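Biologist: Could you take one part of this model and walk me through it closely, setting it in the context of the chain as a whole?

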Amino acid sequence: MGSNTIPNHINSEVSSSVKNNNSALVIVTLLFFMWGLLTSLNDVLIPHLKSIYTLTYVQAMLVQFCFFGAYFIVSWPAGILIKRIGYQSGAVAGLVIAAIGCALFYPAATRGYGLFLLAFFVLASGITILQVAANPYVTVLGDAKTASSRLTLTQAFNSLGTTIAPALGGFLILSGVVLTAAQFDALPAAEQLAHRAKEAAAVQGPYLALAAALLVLAILFALARLPKISHEEELVISTSAPSQHVSVFSHKHLVLGAIGIFLYVGGEVSIGSFLINFLGESQVANLSAADAAHYVSYYWGGAMVGRFLGFVVMRKVSPGKALAFNAACSIALILAAIFASGSIAMWAIIAVGLCNSIMFPTIFSMALKDLGKFTGQGSGVLCMAIVGGAIVPFIQGFLADHVGLQWSFFVPAACYVFICYFGVKYAGMYDKPVF
């Protein structure tokens, strides 16, 4: 009986700690939602800017190259910054920088494609700082054994943002008068310039509103009372066994996990980036850009639904097995989209979003397992690997220009082959399901 008696002050401290952690998790989840919204809007802007500036697929993919290239350039300095000023201040700094990036879209509408690319880079730099702060934050806000489950839940709200963004962007940005290439070429030069200026200006209002929302969120986040997390607490997801490794890169599962993050983000972003154009193909769905934008929401919405389901399922299923199964399904669906036509090709590529659902949080948490003192560095390495979102779409764009858009989807299919391998290789990483 005595062993079950806990002093009241300890009960009070535990209750307070749980309450603070839950409040912190809610606030951090808002950040996941916002960067999901901002990231997914790229899928609407890419075909929009491609049309305005008559770009090739490779040129249009410079949007994702600049956006996700920021992850590679900024992630490591962001980790140093957060270590110096703390997670909460780091998140506030990231929100302010992202707001500046959104504000740059206003002058970019009159200055041309180059300034748009700079705006994307600044915006992504702010989001990168948020990512570096928030992902490890989520892993320490509770039991280490449910770290992947919490990341999956917060990623579900990230997917809520990615689901809303394409439909919202399609309504606000793509709802203008759509001209075919022949109709545009038939206009006098002065009218062509006026049409381009009008279409470019369509991004100004939405992105100014986003800049204001980010600044408000930064103020609220700065005033919020969040639990202080020391750098020693970052080690909570690792075991207590002493590390025999001399470098963060000597952990093979981290290196393979970083490659997995690179290819997963690359594959997911590449599909989303080309989806509006793919659905516009005559042999697929022959949809206008505005109509296709709604189906991009289904793609990201599938990931959202899958993450809510994954939050429950992965408490009983081994993460490696779940990862391998979803990757195998993705490969099959992409092949169907390549070789089929009409509604089969259309819905097959959209369904890949459902398979994407658990991949990022699962690869991330598996790669960080047992890193000990290298946990913080490992998180930085994984965030840098998000640069796959810059490289893979660029490669697919090159193939789309040379062999056709539909055949270019072999690129993301190849990405999922490696992810399937990673899941199979580390299917036994946990002795029993811990999610």
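Modeller: Before turning to the part itself, a term has to be fixed: a residue is called buried when its relative accessible area is under 20%, calculated with a 1.4 Å probe on protein chains only. The model is a predicted one, and its protein chain comes to 19 helices and zero strands. Of the 435 residues of that chain, 56% count as buried, and among contacts between residues at least 6 apart in sequence, 85% join residues at least 24 apart.

The part I would look at is helix H14, residues 319-339, together with the helices that lead on from it. H14 has 21 residues and reaches 31 Å from its first C-alpha to its last, which is close to the 30 Å expected at 1.5 Å a residue. Its buried residues are Pro319, Gly320, Ala322, Leu323, Ala324, Asn326, Ala327, Ser330, Ile331, Ile334, Ala337 and Ile338. In reading such a list it helps to recall that an α-helix has 3.6 residues a turn, so residues three or four places apart point the same way. The buried residues of H14 pack against H12, helix H15 (342-356), helix H16 (359-368) and helix H19 (410-425).

Following H12 (residues 252-279) from there, one comes to helix H18 (residues 388-403): the axes of H12 and H18 come within 7 Å and cross at roughly 50°, and the two helices are therefore oblique to each other, in a crossing that is right-handed. On the H12 side this contact is made by Phe262, Val265, Gly266, Gly267, Val269, Ser270 and Phe274, and on the H18 side by Gly388, Gly389, Ile391, Val392, Pro393, Gln396, Gly397 and Ala400. Sorted by class, these residues comprise eight nonpolar, seven polar and no charged.

A polar side chain also belongs to this picture, namely Gln64, which lies in helix H4 (residues 62-85). Gln64 counts as buried because its relative accessibility is 1%, and, leaving aside neighbours within four places in sequence, Gln64 is in contact with Asn42, Asp43, Ile46, Gly69, Val269, Ser273, Gly389, Ala390 and Pro393.

H4 in turn has helix H17 (residues 375-384) as a partner, their axes coming within 8 Å and crossing at roughly 165°, so that H4 and H17 are roughly antiparallel to each other; this crossing, too, is right-handed. Here Tyr71, Phe72, Ser75 and Trp76 of H4 meet Gln377, Gly380, Val381, Cys383 and Met384 of H17, a contact with six nonpolar, three polar and no charged residues.

Note on methods:
Residues numbered from 1 in each chain as written. Predicted model: local features only at pLDDT ≥ 70, side-chain atom pairs only at ≥ 80, totals over all residues. Heavy atoms only, no water. Axes fitted to C-alpha atoms, helices over the stretch in contact; angles between N-to-C directions. Helix = DSSP H or I, 4+ residues; strand = E, 2+ residues; numbered from the N terminus. Parallel < 35°, antiparallel > 145°, perpendicular 65-115°, else oblique. Left-handed = near helix turned anticlockwise from the far one by under 90°. Contact = heavy atoms within 4.5 Å. Nonpolar A, V, L, I, M, F, W, Y, C, P; charged D, E, K, R; others polar. Expected span 1.5 Å × (residues − 1). Buried < 20%, exposed > 50% of the residue type's maximum accessible area, 1.4 Å probe, protein only.
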